[in-house]
Amino acid sequence: MIRTLRQPANWITPLVFPLALMAVNTGGLDAATNIPGFPSDSFLPFFLAFPFIQGSLFATINAGVDLARDIQTGFLNRLSLTPMSGTALLVGHLGGVIVLGFVQALWYLGAGLVMGVRLESGFAGAAVLFVLAVLIVLAFGSFGAFAALRTGSTEAVQSLFPVFFVFLFLSSMNLPRNLIETDWFRLVASANPVSYLIEGIRSLVIFGWDAEALALAFSISIGLAIAGLALSSVAMRGRLART
Amino acid sequence: MVSAIEIRGLVREFKGGITAVAGIDLDVAPGEIYGFLGPNGAGKSTTVHMLTTLLPPTAGSAKVGGFDIVDEGAKVRATIGAALQEAALDPLLTGREHLKLQLALHGIPRDERPRRTDELLERVGLRLAADRKIGGYSGGMKRRLDLALALAHRPRILFLDEPTTGLDPQSRSALWDEVVRLKRDEGVTVFLTTQYLEEADLLADRVGIIDHGRIVAEGTTASLKAEIGRPTVEALPANGTETRSLEDVLRRFGELQPSTAGVAVRLDGRGDLAEVVRALDSAQIRVADLHLHAPTLDDVFLAKTGRSLEGSEEEPSAPE
């Protein structure tokens, strides 16, 4: 956390940029609300899920870069000479990512509420939203950690950002899947796990309690988190290579 | 006596057929400073990485502090401190924060950490810079902090991998003083790798010289040099007509050696430099210049490998 706080670019960018992009898209795509079947009268509540996902990507890449830098400088070797287990080192690293993810979620939701968004699921829904947001950050963060541990390269971790961004754009970020007319795009968005993460958060804002959307979002985020943690744990064991 | 470090047939191979350590055997006694001397790429750092459990050996065995490096890695790590080739510090943290983190990770009780932090900072001369970020530290300061971090949990055995490379003479001297103090006052065993002859000569109780992954010579610096030969005295007569007289005097102390500058004799134990000077004075022979050439560790390396250690070309490094 100390290192994160001392690198303003690592937390200012995730806090500011997603909201800026949200403002731009909301202004530019508001006409989409006129499409029959669009689930909300205003584009802002529809799009509020976006910064949660994009912010997670920023936090993930920044944290992954920090871990890769620790490998490059030998700092991870220093940590591995202590009694700490590889798992503990990984948990410590991801703990910082989770805290930042929670702060980001608070910020985005607060910004949304200030801009007039009303959370249909109420206070309980906000609590569920935070849990989901933290799970998403953990999932992405663990993949970022895996990339860092596997490659030991800050450049390799940074190169993941456009890859993750493609997943974000090829999703139901801008339109509900049932309103996407282009067949291939709708198919890709339906196969893209990020769509379900967005829809889970969105459902808490617009619909209230959508069991199916929430079940899918939680299942996928938990599944991704388990996969990411498993991969990064194996990568940590290989990276430490301690006897 | 149980060795602090015991190595038997240690081997480390890397992909591509690179053999960084080709089978070494050595013992380091408790409280000893052991100098591991060799050119770049000789296998020094790879050996240290294996002994500090950061790298598993391909073959052979080793015990550090009585614990096997393969089967008892956690116990080895609890026993040792290590300052590796890279200072491995986070530029965003301060010196004090590094120490607090290190102490916490080693399980030092919370109420003991502030006192121990201050003690270590004082010892390495970083008390005034303790609350500055590492990014603002000089190379010497980083190395001193590195040493403090290695000592945080009071290890019995300390590994220093080329600790003074890149340091200015003052920082180097300060670090040498601390190493000597650790051995003298606390009985810490020090395994020191270096490519600097002066460092090995000054600090080490015993030296092992490694080349291409094998130990080519081992012993005290005095015994290693004595193996190569005795010192040579070379004198340049002030007056060319006294060359014959000079030879007669020097012949009393050993066998004359070829010399381009004047007359040289390899001392065979019948007298030292002071006695040579007295003899020249008694014979009233004036000399313009007088040199004592003692064998160096470089001479030892040259005799064992056919190459000079100083100025030796950098060998391809084994991947870590």
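Two residues are in contact if their C-beta atoms, placed from the backbone, lie within 7 Å. The model is predicted.

**Exercise 1. The contact between the chains**

Find how many residues of chain A are in contact with chain B, and which helices of chain A take part.

*Solution.*
- Step 1. Apply the cut-off of 7 Å. On chain A, 18 residues are in contact with 23 residues of chain B.
- Step 2. Look for helices of chain A that each supply at least two residues of this side. Helix 1 (2–5) and helix 5 (75–80) do so.
- Step 3. Find the largest share. Helix 5 of chain A provides it, with five residues.
- Step 4. Sort the residues on this side of chain A by character. Seven are nonpolar, seven are polar and four are charged.

**Exercise 2. The strand partners in chain B**

Determine which strands of chain B pair with strand 1 (residues 5–14), and in what sense.

*Solution.*
- Step 1. Take strand 4 (residues 59–64) of chain B. Five bridges join strand 4 to strand 1, and the two run antiparallel. Ile5(B) has Val64(B) as its bridge partner there.
- Step 2. Take strand 2 (residues 18–28) of chain B. Eight bridges link strand 2 to strand 1, again in the antiparallel sense. Phe14(B) has Ile18(B) as its bridge partner.
- Step 3. Inspect the link between strands 1 and 2 of chain B. The two form a hairpin with three residues between them. In the turn, Gly16(B) has a positive phi of about 90 degrees.

**Exercise 3. The domains of chain B**

Give the domain bounds in chain B and the separation of the domain centres.

*Solution.*
- Step 1. Domain 1 of chain B covers 5–220, and domain 2 covers 230–290.
- Step 2. Take the centres over C-alpha atoms. They are separated by 45 Å.

Technical notes. Residues are numbered from 1 along each chain as its sequence is written. Chains are lettered from A and ligands numbered from 1 in the order in which they are written. This is a predicted model: local features need pLDDT of at least 70, side-chain atom pairs count only at pLDDT 80 or more; totals for chains, interfaces and linings use all residues. Helices (H or I, at least four residues) and strands (E, at least two) are DSSP runs, numbered from the N terminus. Ala, Val, Leu, Ile, Met, Phe, Trp, Tyr, Cys and Pro count as nonpolar, Asp, Glu, Lys and Arg as charged, and the others, Gly among them, as polar. Domain bounds come from an automatic or database domain assignment. Two strands pair if DSSP finds at least two bridges between them.
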